[in-house]
Amino acid sequence: VDFEFMEELTSRPAVGMPVGLFTVKKKPPSQLLRMIVDGRPWNQTQFKPEKMPIPRLLETIPALQKMKYAVQYDGVSYFYQYPVRHSRFLARRRSQWLRICKMPMGWSAAPLIAQTTSNIVLQEAVRRLRLKNPTAQIYTACWVDNFVLAAQSESDLKQLEELFLQVCRDGSIEVKIEDQIDLQHTKFAGIEHDLVRHCYRPGASPHVPEEFNTLRDAMRVLGSAIWQLYSRGRRLCFYDHLISAVSRICNPAMRGDTNWDAPIKRYLRDGDLELLNELRVHATDESWEFQPPGRSDIDDPIWFDASSTAWAFCHDNESCGAQGEFLSPEQLHIFVKEAIAFLASVTCTVSEFPGRRRKFFTDNQPLAKAFRRGHSTSGAVNRIFRQIFSLLHEHGSEIELVWIPTDQNKSDKYTRGTSIARPRRYATRLKEEPLVSSHARDPVP
């Protein structure tokens, strides 16, 4: 264990908050130990760090698949390259008092600092490349200490790589190149990319058990399956029955009534083992996933909204749309009402953009986040999501759901008494959609 990032003290200083130290093994084949700081005393006394500016996985995959060559770099002991001056971060190891002089793993702000620095390094490398070669087709991304550089041509990649290493030297950042088969096969953020065949596959987790003996085994399989399905672009709302089954089985351990190593047999019902085995098939999937062709955008976005009693949507120029009233508004949560408004807007307009992508705007942030994940904790919303994704699949279309503040939502006034012109075809489609017609009256004339 390397203690070079600490300074030994003869006694505890008057200021500072001590924390504990422990070690964990690094990934094989490395025989080294990784020093971890139990930073909870620090983290509880400071402000909560901002959200890490990491790239979205489902945006990174198609961007990389468009490139022909890629190379990956890794920061060497990346966190410990950041000096901490005048540190009040203290640690105690047996009778030793230590002052931490490098940024420790375990401090809640450390990942944010590392990710922000990595983003700046890539931005500067790209800026320098644009000055020399404005037409270069490239893509860069970083995941904390993991960098990927990609380009359409080998010469552009070599030029980008040289400038990236130059920026790292300027910032005294040590990186090393990751082992890979060649420049057309790379692995980034746990996803293996074949840039020749334009396909990818998530890395299989080594922690998937062969048999289900304990509650911990079920939860490990669930985590691996969610990773596989999400990485492949599968909508988790279609696997709600599997996720719910594992949650019910493992509920005693989650509540603290038993430990995670308790035998799973006593918590299984009829049919649960078949559901767990089905989940395990998804968790161990090693097939290659081919990237679907990109879809062009349509310029006319859709705005939708729901109030306590009504829902509505409109086109960007507010020339037409639809609106309706909820049958039992007091029995529906606003989250479900917003989802019904979303389904109504998709039902009416999905045939207008076959094979293309369209933006939809909502002022409900939880709905936008849940749709991006493809799954919600609400069973009612999951049923609505399944219908929306089925409609999109039927027409080969795609939706980008964007959150906007309420005062910018053009459809807000149509849920509060203002009427909007409604094409006859919209009324017909809404009557044929049971998830809308069962909760709302026919649209107003």
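**Exercise 1.** Find the sense in which strand β17 (residues 357-362) and β18 pair, and the number of bridges.

Solution. Strand β17 and β18 run parallel and are joined over six bridges. Two strands pair if DSSP finds at least two bridges between them. Strands (E, at least two residues) and helices (H or I, at least four) are DSSP runs, numbered from the N terminus. Opposite Phe361 stands Val402 in β18.

The model is predicted: local features need pLDDT of at least 70, side-chain atom pairs count only at pLDDT 80 or more, and totals for chains, interfaces and linings use all residues. Residues are numbered from 1 along each chain as its sequence is written, and side-chain values use heavy atoms, with hydrogens and water left out.

**Exercise 2.** Place β17 and β18 in their sheet, and name its edge strands.

Solution. Step one is the order: the open sheet has five strands, β16-β15-β14-β17-β18, with mixed pairing. Step two is the edges: β16 (321-325) and β18 (398-403) each pair on one side only. Step three is the twist: with direction ignored, neighbouring strands of this sheet are turned by 20° against each other on average. Step four is the packing: helix α10 (residues 365-373) lies on the sheet and touches β14 (302-306), β17 and β18, where contact means heavy atoms within 4.5 Å. The direction of α10 makes about 145° with that of β18. Axes are lines fitted to C-alpha atoms, for helices over the stretch in contact, and angles run from 0 to 180 degrees between N-to-C directions.

**Exercise 3.** Describe how β15 and β16 are joined, and decide whether β16 is enclosed or open.

Solution. β15 and β16 pair in the antiparallel sense over five bridges. Ala310 has Glu325 in β16 as its bridge partner. The two strands form a hairpin with five residues between them, and in the turn Glu318 has a positive phi of about 60°. Of the five residues of β16, four are buried, so this strand is largely enclosed by the rest of the structure. Buried means under 20% relative accessible area, exposed over 50%, and partly exposed in between (1.4 Å probe, protein chains only).

**Exercise 4.** Locate Cys314 and list what surrounds it.

Solution. Cys314 belongs to strand β15 (residues 310-315). Cys314 is buried, with a relative accessible area of 0%. Apart from its neighbours within four places in sequence, Cys314 has contacts that include Pro301, Trp303, Cys320, Lys410, Tyr414 and Ile420. Asp412 is 98 residues away from Cys314 along the chain, and their C-alpha atoms are separated by 9.6 Å.

**Exercise 5.** Work out how β8 is paired and covered.

Solution. Start with the sheet: four strands form an open sheet in the order β7-β8-β4-β9, with antiparallel pairing. At its edges stand β7 and β9 (175-177), each with a single partner strand, so one side of each has no neighbour in the sheet. From one strand to the next the twist averages 20°. Helix α3 (residues 110-132) packs on the sheet, touching β7 and β8, and its direction makes about 165° with that of β7. Helix α4 (residues 154-170) also packs on the sheet, touching β4, β7, β8 and β9, at about 150° to the direction of β8.

Next, the partners. Six bridges join strand β4 (residues 69-75) to β8, with Val71 opposite Leu149. Strand β7 (residues 138-143) and β8 are antiparallel, joined by six bridges; Thr140 stands opposite Leu149, and Ala141 has Val148 as its bridge partner. β7 and β8 form a hairpin with two residues between them, and Val144 in the turn has a positive phi of about 60°.

Last, the faces. In a regular strand the side chains alternate between the two faces of the sheet. In β8, Asn146, Val148 and Ala150 are buried on one side, and Phe147, Leu149 and Ala151 are buried on the other. Six of the six residues of β8 (residues 146-151) are thus listed as buried.

**Exercise 6.** Sort the lining of the second largest pocket by class and by element.

Solution. The lining has 38 residues, with Leu58, Arg235, Pro292, Arg295 and Glu398 nearest the centre of the pocket. By class there are 17 nonpolar residues (Ala, Val, Leu, Ile, Met, Phe, Trp, Tyr, Cys and Pro), 12 charged (Asp, Glu, Lys and Arg) and nine polar (the others, Gly among them). α2 gives the largest share, six residues. The elements that each supply at least two lining residues are α2 (57-65), β13 (289-290), α10, α11 (379-395) and β18. On a 1 Å grid over the protein atoms alone, a pocket is an open set of points where a 1.4 Å probe fits, with protein on both sides within 12 Å along at least five of seven lines; lining residues have an atom within 4 Å of a point.
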